[in-house]
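Reader: I should like to learn how to read the packing of secondary structure elements in a model. Could we work through a case together?

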Amino acid sequence: MILNKETAKKTAELLLQIKAIKLEPQEPFTWASGWKSPIYCDNRIVLSYPMIRNYVREHFAKQIEEKYGKPDVIAGVATGAIGIGMLVAEYLSLPFAYVRPEPKGHGRKNQIEGNLEEGQTVVVIEDLISTGKSSLNAVKALEEAGANVKGMFAIFTYGFQAADDNIKEAGVDVFTLSDYEHLIETAQKTNYISMNEAGVLRKWREDPANWTPES
């Protein structure tokens with residue numbers, strides 16, 4: 001869910017500007033899953049640009065406070081959201097923890113790193129939502145540790161139906177600074193892509209697992 005349309009447009013513009021999101025309808029990328037995709041997103045690049053990372057952390061913080069007030073803890077999803085999550089926690093003067101995909105195989109075998117006490121309220125920070133499974137896995141780990149997860153905030157979502165279904169089933173409130181539709185709209189308005197390319201990008205999202213580039 002988008003809480004502020006202007007923030008969604010500006011965030012999309014900034015992500016395109018620093019090439020955290022790349023749109024290549026004519027020369028698609030291959031994801032680790034094997035999917036062919038006209039878009040590639042790596043929001044960790046945001047950390048390399050001070051003005052933009054400050055924009056992201058401040059708007060995360062503003063939206064979190066507007067929605068929930070101040071939680072007890074900010075938790076980042078490893079590894080992509082550790083950096084930006086820590087920045088948000090610092091901005092709000094809150095404790096920070098992060099959640100691994102699974103418990104470590106050695107030492108204390110932690111899945112959650114950092115101090116987290118039972119009953120504490122937590123807001124989860126994510127960099128990107130695709131199917132939502134890894135993000136919701138982090139929420140599950142926090143809840144099993146006794147945390148009260150208020151919701152999750154991510155920089156960007158592809159808006160896949162599978163993600164919407166997974167999030168709805170889990171009953172988790174998820175908000176994003178920007179999303180796929182605002183990205184395509186902004187990319188067209190700034191002449192980053194043509195109207196035809198926008199059509200290709202929208203068609204891909206309808207069935208990304210079976211999409212093939214036009215010859």
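Reader: What is the handedness of the crossing of helix 1 and helix 2?

Author: Two packed helices are described by the distance between their axes and the angle between them. In this predicted model, the crossing of helix 1 and helix 2 is left-handed. The axes of helix 1 (residues 5-17) and helix 2 (residues 50-68) come within 11 Å and cross at roughly 155°. Because angles over 145 degrees count as roughly antiparallel, helix 1 is roughly antiparallel to helix 2.

Reader: Which residues of helix 1 and helix 2 make the contact?

Author: Helix 1 contributes Thr7, Lys10, Thr11, Leu14 and Gln17. From helix 2 come Ile52, Tyr55, His59 and Gln63.

Reader: Let us turn to the sheet. What is the order of the six strands?

Author: The order is 7-6-5-8-9-10, in an open sheet with mixed pairing. Strand 7 (112-113) and strand 10 (174-179) are the edge strands, each pairing on one side only. Further in, strand 8 (residues 121-129) pairs with strand 9 (residues 148-157) in the parallel sense, over eight bridges. To locate the register, one may take Val122, which stands opposite Val149 in strand 9.

Reader: Which strands does helix 4 lie across?

Author: Helix 4 (residues 133-144) lies across strand 5 (73-77), strand 6 (96-99), strand 7, strand 8 and strand 9. With strand 8, helix 4 makes an angle of about 165°.

Reader: What lies in the loop between strand 8 and helix 4?

Author: Ser130 lies in that loop. An unreviewed UniProt entry lists Ser130 under "binding site".

Reader: Is Ser130 buried, partly exposed or exposed, and why?

Author: Ser130 is partly exposed, because its relative accessible area is 26%, and the partly exposed class lies between the cut-offs of 20% and 50%. Leaving aside neighbours within four places in sequence, Ser130 is in contact with Tyr158, Phe160 and Ala163.

Reader: Which residues of helix 6 are buried, and what do they pack against?

Author: In helix 6 (residues 180-189), the buried residues are Tyr180, His182, Leu183, Ile184, Thr186 and Ala187. The helices against which they pack are helix 1 and helix 7 (195-206). The strands are strand 1 (21-23), strand 4 (39-41), strand 9 and strand 10. Helix 1, described above for its crossing with helix 2, thus appears again here as a partner of helix 6.

Reader: Which residue just after helix 6 takes a positive phi?

Author: That residue is Asn191, with a phi of about 60°.

Note on methods
Residues are numbered from 1 along each chain as its sequence is written. This is a predicted model: local features need pLDDT of at least 70, side-chain atom pairs count only at pLDDT 80 or more; totals for chains, interfaces and linings use all residues. Side-chain values use heavy atoms; hydrogens and water are left out. Two strands pair if DSSP finds at least two bridges between them. Helices (H or I, at least four residues) and strands (E, at least two) are DSSP runs, numbered from the N terminus. Contact means heavy atoms within 4.5 Å. Axes are lines fitted to C-alpha atoms, for helices over the stretch in contact, and angles run from 0 to 180 degrees between N-to-C directions. UniProt positions are given in the numbering used here, feature names are shortened, and annotations may be inferred rather than shown by experiment. Buried means under 20% relative accessible area, exposed over 50%, partly exposed in between (1.4 Å probe, protein chains only). Angles under 35 degrees count as roughly parallel, over 145 as roughly antiparallel, 65 to 115 as roughly perpendicular and the rest as oblique. A crossing is left-handed if the near helix is turned anticlockwise from the far one by less than a right angle, and right-handed if clockwise.
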